[in-house]
Amino acid sequence: MQQTDSLNQLEFDRLYTKLPPSISRHSLRVGVAAFLITYANGFTGFEEYGIDAQQLKTILITGGRYHDIGKTSISPTLLYKDFPYDENQILKIHEHPTYTEAILKRYADVLFEDEVTREIVVDMGHYHHEQFDGKGYPCGLPGEKIPLPSALCAVANDFDNEIWAHYKTKNVDATVELLSGRKNKEYSPQTLEMLLNAKPLLTKMYANKNKCTAFINDLLCSNRVLSV
């Protein structure tokens, strides 16, 4: 059994390394940002999971790291194709959260120590493109049917994409303002309020690209829940 687990872990690790470095780095930032948003709000909404802050930190960062692993199932030629995409290509790309769910469930025995971790991480990967108005993908979940970890992964994902692509022209305040314009469409009022409360921590993380890397490294190496 141990040998099988080792082989499965090795297989998953090889699969993960197929992600381009830019996506791997983005995914880690998404996990850290999701944790910071949760921390800034006193872990509100996570009481039902019955886990402590240190566990939640590990789980959310792991969920962020793995949320895009389904992109390894999409042809790189399509994934990095210049716009515009045709309708069939868009539908294919929109399948990546479903691929993520399948991959994480396939390797669940070696990735996750308990059912709570499995539930949160898989949900983050599967539902991170769902929208509050029910117009997201792949399931079209409406409003409160979207798990909170998934909603936070979604807003952290979009936040990182926006600010990282426009570092010279867009800071944390401007990015939060931009996403706030999608209230009741892509994001719930609760999710945006949590993002707003996290602005001071996100500002420390995204002060500049070099400091962002240092901030994350310090967070991952620290035995404390957060030290800033």
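**Entry 1: second largest pocket**

I looked up which element gives the most to the lining of the second largest pocket, and found that α3 does, with nine residues. The model I worked from is a predicted one. I then listed the elements that give two or more residues to this lining, and these are α3 (53-66) and α13 (209-221). The pocket is lined by 17 residues in total. Nearest its centre I noted Gln-55, Thr-58, Ile-59, Thr-62 and Thr-117. For the volume of the second largest pocket I recorded about 360 Å³. Sorting its lining by class gave me seven nonpolar, six polar and four charged residues.

**Entry 2: largest pocket**

I turned next to the largest pocket, whose volume is about 950 Å³. I counted 30 lining residues, and those closest to the centre are Asp-68, Lys-71, His-129, Asn-157 and Asn-161. Three elements, α2 (21-40), α5 (87-93) and α9 (148-165), each give two or more residues to the lining. I noted that α9 holds the largest share, with seven residues. By class, I entered 11 nonpolar, nine polar and 10 charged residues for this lining.

**Entry 3: largest nonpolar core**

Which residues touch the most other members of the largest nonpolar core? I found six to enter: Leu-36, Ile-37, Phe-159, Leu-195, Leu-202 and Tyr-206. The core has 62 residues, and α2 gives the most to it, with eight. α2 thus appears twice in these notes, as it also gives two or more residues to the lining of the largest pocket.

I followed Leu-195 further, leaving aside its neighbours within four places in sequence. Leu-195 is in contact with Ile-37, Val-155, Phe-159, Val-176, Leu-179 and Leu-202. I marked Ile-37, Phe-159 and Leu-202 in that list, since they also stand among the core residues that touch the most other members.

**Entry 4: Ser-188**

I located Ser-188 in the loop between α10 (172-180) and α11 (189-197). Is Ser-188 buried or exposed? I entered Ser-188 as buried, because its relative accessibility is 9% and the cut-off for buried is under 20%. I also looked for a partner of the Ser-188 side chain, and found a polar contact of 2.9 Å with the side chain of Thr-191.

Key:
Residues numbered from 1 in each chain as written. Predicted model: local features only at pLDDT ≥ 70, side-chain atom pairs only at ≥ 80, totals over all residues. Heavy atoms only, no water. 1 Å grid on protein atoms, 1.4 Å probe; cavity = no way out; pocket = protein on both sides within 12 Å on 5 of 7 lines; lining within 4 Å. Points joined across faces, edges and corners; volume = space filled by probe spheres on them. Helix = DSSP H or I, 4+ residues; strand = E, 2+ residues; numbered from the N terminus. Nonpolar A, V, L, I, M, F, W, Y, C, P; charged D, E, K, R; others polar. Buried < 20%, exposed > 50% of the residue type's maximum accessible area, 1.4 Å probe, protein only. Polar contact = N/O pair within 3.5 Å; in protein donor to acceptor, adjacent residues only side chain to side chain. Core = buried A, V, L, I, M, F, W, Y, C linked by side-chain atoms within 4.5 Å. Contact = heavy atoms within 4.5 Å.
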